[in-house]
Amino acid sequence: LYTLQSFENEEEEKETYGYRADHLLLEVALGIPILQLSMGKFVSGNSNLHLCVLHQDHIVIYSVSFISGQTGHGSQAKLTKAYQQNFQRKAYSITTGSFGSVKGKDFIAVQSLDGCISFYEQESLGFVCFLPGFLLPGPMVYLTKSDTLVTQAADWTLQSYTYQTLSVLVQEGAKTTNLKFGGRRIQPEWTQILSEWAIEIEVLVEPGNVSSILILTTRAFMCYKDSGVLKFIKKLEFNPMCFTAYHH
């Protein structure tokens with residue numbers, strides 16, 4: 001929980017003991033709980049991938065460099081802190097991606113425990129907004145093709161918000177004292193009733209750049225198109241905890 005580890009993922013010859021000490025590329029004791037990790041182009045003017053580490057009160061962006069091993073010690077990785085963003089609210093999760101269809105860079109959306117979404121455009125804070133119908137934090141994903149955020153509201157409905165809409169409404173609200181963003185409330189692009197609490201949501205990009213929204217609830221597994229149309233639903237006869245999606 002408090003230690004960041006990285007392991008080498010290369011096919012090697014079978015050995016008697018399987019695991020070797022040089023398989024561990026990186027181990028750093030950060031001293032505080034790690035809530036989530038993400039990789040992306042988070043540093044301006046740098047096209048390399050960086051590591052984003054989410055803590056309860058802040059995020060830290062690290063650059064990862066590899067050092068060739070000497071003799072039998074193997075290669076090692078080194079973390080170098082690029083920058084840090086402190087929060088005024090307790091964080092729950094992050095979602096990263098090329099928000100606004102930006103080219104060559106990735107932004108970070110931080111979801112707080114009180115329903116606040118803070119958008120960080122690399123080193124700077126872009127804007128902050130509150131999603132309607134919020135009660136408890138839940139899973140949230142980003143769809144690159146449609147430039148939308150998909151999450152679940154307190155009434156157990158799946159909701160989709162475009163990054164463009166959130167950005168424009170917040171900018172309009174900054175120009176007026178109206179708390180409803182200039183008379184316009186934030187409205188989802190589409191909603192779907194799940195009738196169950198979503199445990200986990202993932203986005204699977206299929207061949208042909210077709211995105212599918214995969215949702216694991218307390219009693220079912222569902223799949224939606226990025227337009228909100230249901231593709232299939234499978235009822236489960238057990239209590240699920242998590243899932244992962246991959247191409248076969």
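These questions and answers walk through strands and salt bridges in a predicted model.

Me: In what order do the strands of the open sheet lie?
Reply: The sheet is open and has 4 strands. Its edge strands are β3 (36-40) and β6 (76-86), and each pairs on one side only. The pairing is antiparallel, and the order is β3-β4-β5-β6.

Me: What is the average twist from one strand to the next in that sheet?
Reply: Take the open sheet of 4 strands again. From one strand to the next, the twist averages 25 degrees.

Me: Which residue of β6 is the bridge partner of Val64?
Reply: Start with strand β5, residues 58-67. It pairs with β6 in the antiparallel sense, over 10 bridges. For Val64, the bridge partner in β6 is Leu79.

Me: Is strand β13 largely enclosed by the rest of the structure or exposed, and how many of its residues are buried?
Reply: Buried means under 20% relative accessible area. Thr157, Gln159 and Tyr161 point one way from β13, while Leu158, Ser160 and Thr162 point the other way, and all are buried. So the strand is largely enclosed by the rest of the structure, and the buried count is 6 of the 6 residues.

Me: Which residue in the turn between β12 and β13 has a positive phi?
Reply: Strand β12 covers residues 148-152 and runs antiparallel to β13, with 5 bridges joining them. Gln152 stands opposite Leu158 in β13. The two strands form a hairpin with 4 residues between them. In the turn, the residue with a positive phi, about 65 degrees, is Trp156.

Me: Which residue of β14 stands opposite Ser160?
Reply: β13 is also joined to strand β14, residues 190-193. The two run antiparallel, with 4 bridges. Opposite Ser160 in β14 stands Trp190.

Me: How many salt bridges does the count come to?
Reply: Side chains of opposite charge can pair when their charged atoms come close. The cut-off here is a Lys or Arg side-chain nitrogen within 4 Å of a carboxyl oxygen of Asp or Glu. By this rule the count comes to 5.

Me: How many residues apart are Arg89 and Asp114?
Reply: These two form a salt bridge, with the closest N and O atoms 2.9 Å apart. Arg89 is partly exposed at 31% relative accessibility. Asp114 is partly exposed too, at 38%. Arg89 lies in the loop between β6 and β7, Asp114 in the loop between β8 and β9, and the separation along the chain is 25 residues.

Me: Which residues are linked in a network of salt bridges?
Reply: Glu196 and Lys235 meet in a salt bridge at 3.7 Å, N to O. They link distant parts of the chain: Glu196 is in the loop between β14 and β15, and Lys235 is in strand β18. Glu196 is buried at 5% relative accessible area, whereas Lys235 is exposed at 56%. The network is made of Glu196, Arg219 and Lys235.

Me: What is the N to O distance in the salt bridge of Lys231 and Glu206?
Reply: Lys231 sits in strand β18 and Glu206 in strand β15, 25 residues apart. Lys231 is partly exposed, with a relative accessible area of 36%. Glu206 is partly exposed as well, at 26%. Their side chains meet, N to O, at 3.4 Å.

Note on methods: Residues are numbered from 1 along each chain as its sequence is written. This is a predicted model: local features need pLDDT of at least 70, side-chain atom pairs count only at pLDDT 80 or more; totals for chains, interfaces and linings use all residues. Side-chain values use heavy atoms; hydrogens and water are left out. Two strands pair if DSSP finds at least two bridges between them. Axes are lines fitted to C-alpha atoms, for helices over the stretch in contact, and angles run from 0 to 180 degrees between N-to-C directions. Buried means under 20% relative accessible area, exposed over 50%, partly exposed in between (1.4 Å probe, protein chains only).
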